Amino acid sequence: MLIDTHCHLDAAEFDGDRDEVLAAARAAGVGGFLVPAVGAADFDAVAAFGTTHADCCHAFGIHPMYVQRAHEGDLDILQARLAEGTAVAVGEIGLDGYLPDGDLPRQARWFEAQLKLARMFELPVVLHIRRAQDEILKLLRRNPVPGGIAHAFNGSRQQAEAFIRLGFRLGFGGAMTFEGSRRVRELAMTLPLSALVLETDAPDIPPAWGVGRRNDPANLPRFARVLAELRGMPVDELIAATAANAVAAIPGLAALRRRERGAGRGD
Ligand SMILES: [Zn+2]
């Protein structure tokens, strides 16, 4: 089953045609969606996907780009929402060293606090990492969690291997569709297949064939074909392997399969 392990279906970019976007992705063959949160304000919105759509799961977390405007009480809200037991991961969390006004020490404090919650609830994490790979690795070693996904991975081979050793899978999507993205493509080609998962990060990170346009989850099958071509393997095998990797990284995604077989609620 084709699983989009990172898809912001609640984003405002989809306000005009969200149902059509979801329907188009399903028609294209996407069987499961993980919808991560970016802040306390959208916990209800992402939970609505996980609890009403049979093929969606959600994660609760506070994204580093939203830490600046977050309130201290948001961590208590996060803890209370995680205690509900509906989220399959803590995310999207991490560090963004690319933000012009990003306060990295503040980001790191929020990141560590959320890693502690992941450990408390024995949940994997969905990581956002920009220009902060080694700092994230350091904080993960200090605050061990049950693995997860390093989303839109764009670090070095050495950093990739360090994440894999810590029990993480690496997310590949739009970036690998650009021939100029040599490092990302090289990693997609040569890392162990067991380390890879597919994602769109919709509506962000549009592929080479959609520059300047919104990225939709319906692009995922084409991402799978690109990755299969890079690795010189049949796309069906690639899809099966990356789906198994996604479930290994985030065990709660296994429910998507059961729901798909018709045992669940919603549509
Ligand atoms: Zn994201």
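Which strand holds H151? H151 sits in strand β6, which covers residues 148-151. The views below come from a predicted model.

**Figure 1. The protein chain as a whole.**
The predicted chain carries 10 helices and eight strands. Its radius of gyration is 17 Å, which agrees with the value near 18 Å for a compact globule of 267 residues. The C-alpha trace spans about 45 × 45 × 35 Å along its principal axes. Of the 267 residues, 55% are buried. Contacts reach far along the sequence: counting pairs at least 6 residues apart, 69% join residues at least 24 apart.

**Figure 2. Surface and charge of the chain.**
The accessible surface amounts to about 11300 Å². Carbon and sulfur atoms account for 50% of that surface. The chain has 29 positive and 34 negative charges. The mean positions of these two sets lie 6 Å apart.

**Figure 3. The zinc site.**
Three protein residues donate to the zinc ion: H6 and H8, each through NE2, and E92 through OE. Their donor atoms lie 2.0 to 2.1 Å from the ion. The sequence spacing of the donors reads H-x1-H-x83-E. Are the two histidine donors, H6 and H8, buried or exposed? H6 has a relative accessibility of 1% and therefore counts as buried. H8 is buried too, because its relative accessible area of 8% is under the 20% cut-off.

**Figure 4. E92 and the bond before it.**
The zinc donor E92 belongs to strand β4, residues 89-96. The peptide bond that leads from G91 into E92 is cis. Its omega is near 15°. Most peptide bonds are trans.

**Figure 5. H151 and its surroundings.**
H151 has a relative accessibility of 4%, so this residue counts as buried. Which residues does H151 contact, leaving aside neighbours within four places in sequence? The list holds H6, E92, V126, L127, H128, G171, E199 and D201. Two of these partners, H6 and E92, are also protein donors of the zinc ion. A118 gives a reference point elsewhere in the chain. It is 33 residues from H151 in sequence, and their C-alpha atoms are separated by 17 Å.

**Figure 6. R185 in helix α7.**
Helix α7 runs over residues 182-190 and includes R185. Is R185 buried or exposed? R185 counts as buried, because its 17% relative accessibility is under the 20% limit. Beyond residues up to four places away, R185 touches M176, T177, F178, E179 and L230. F172 lies 13 residues from R185 along the chain. The C-alpha atoms of this pair are 9.2 Å apart.

**Figure 7. The loop between β8 and α8.**
Strand β8 covers 196-198 and helix α8 covers 220-231. P203 is found in the loop between them. The peptide bond from A202 to P203 is cis, with omega near 10°. The same loop, between β8 and α8, also holds I205. Phi of I205 is positive, near 50°, and this residue is not a glycine. Most residues other than glycine have a negative phi. At 32% relative accessibility, I205 falls between the 20% and 50% limits and so counts as partly exposed.

**Figure 8. E122 in the loop between α4 and β5.**
Helix α4 (104-120) and strand β5 (125-130) flank the loop that holds E122. What is the sign of phi at E122? Phi of E122 is positive, near 50°, in a residue other than glycine. E122 is exposed, because its relative accessible area of 66% is over 50%.

**Figure 9. R225 in helix α8, with E122 for reference.**
R225 is placed in helix α8. Its relative accessible area is 44%, so R225 is partly exposed. E122 and R225 are 103 residues apart along the chain. Their C-alpha atoms are separated by 34 Å.

Technical notes
Residues are numbered from 1 along each chain as its sequence is written. This is a predicted model: local features need pLDDT of at least 70, side-chain atom pairs count only at pLDDT 80 or more; totals for chains, interfaces and linings use all residues. Side-chain values use heavy atoms; hydrogens and water are left out. Helices (H or I, at least four residues) and strands (E, at least two) are DSSP runs, numbered from the N terminus. The radius of gyration is taken over C-alpha atoms; the globule rule is 2.2 Å times the number of residues to the power 0.38. Buried means under 20% relative accessible area, exposed over 50%, partly exposed in between (1.4 Å probe, protein chains only). Contact means heavy atoms within 4.5 Å. Accessible areas come from the Shrake-Rupley method with a 1.4 Å probe; for residues, only the protein chains shown count as cover. Lys and Arg count as positive and Asp and Glu as negative; His and the chain ends are not counted. The place of a charge is taken as NZ of Lys, CZ of Arg, CG of Asp or CD of Glu. Donors are N, O and S atoms within 2.8 Å of the metal (3.2 Å for Na, K and Ca); water is not among the atoms, so sites may look incomplete.
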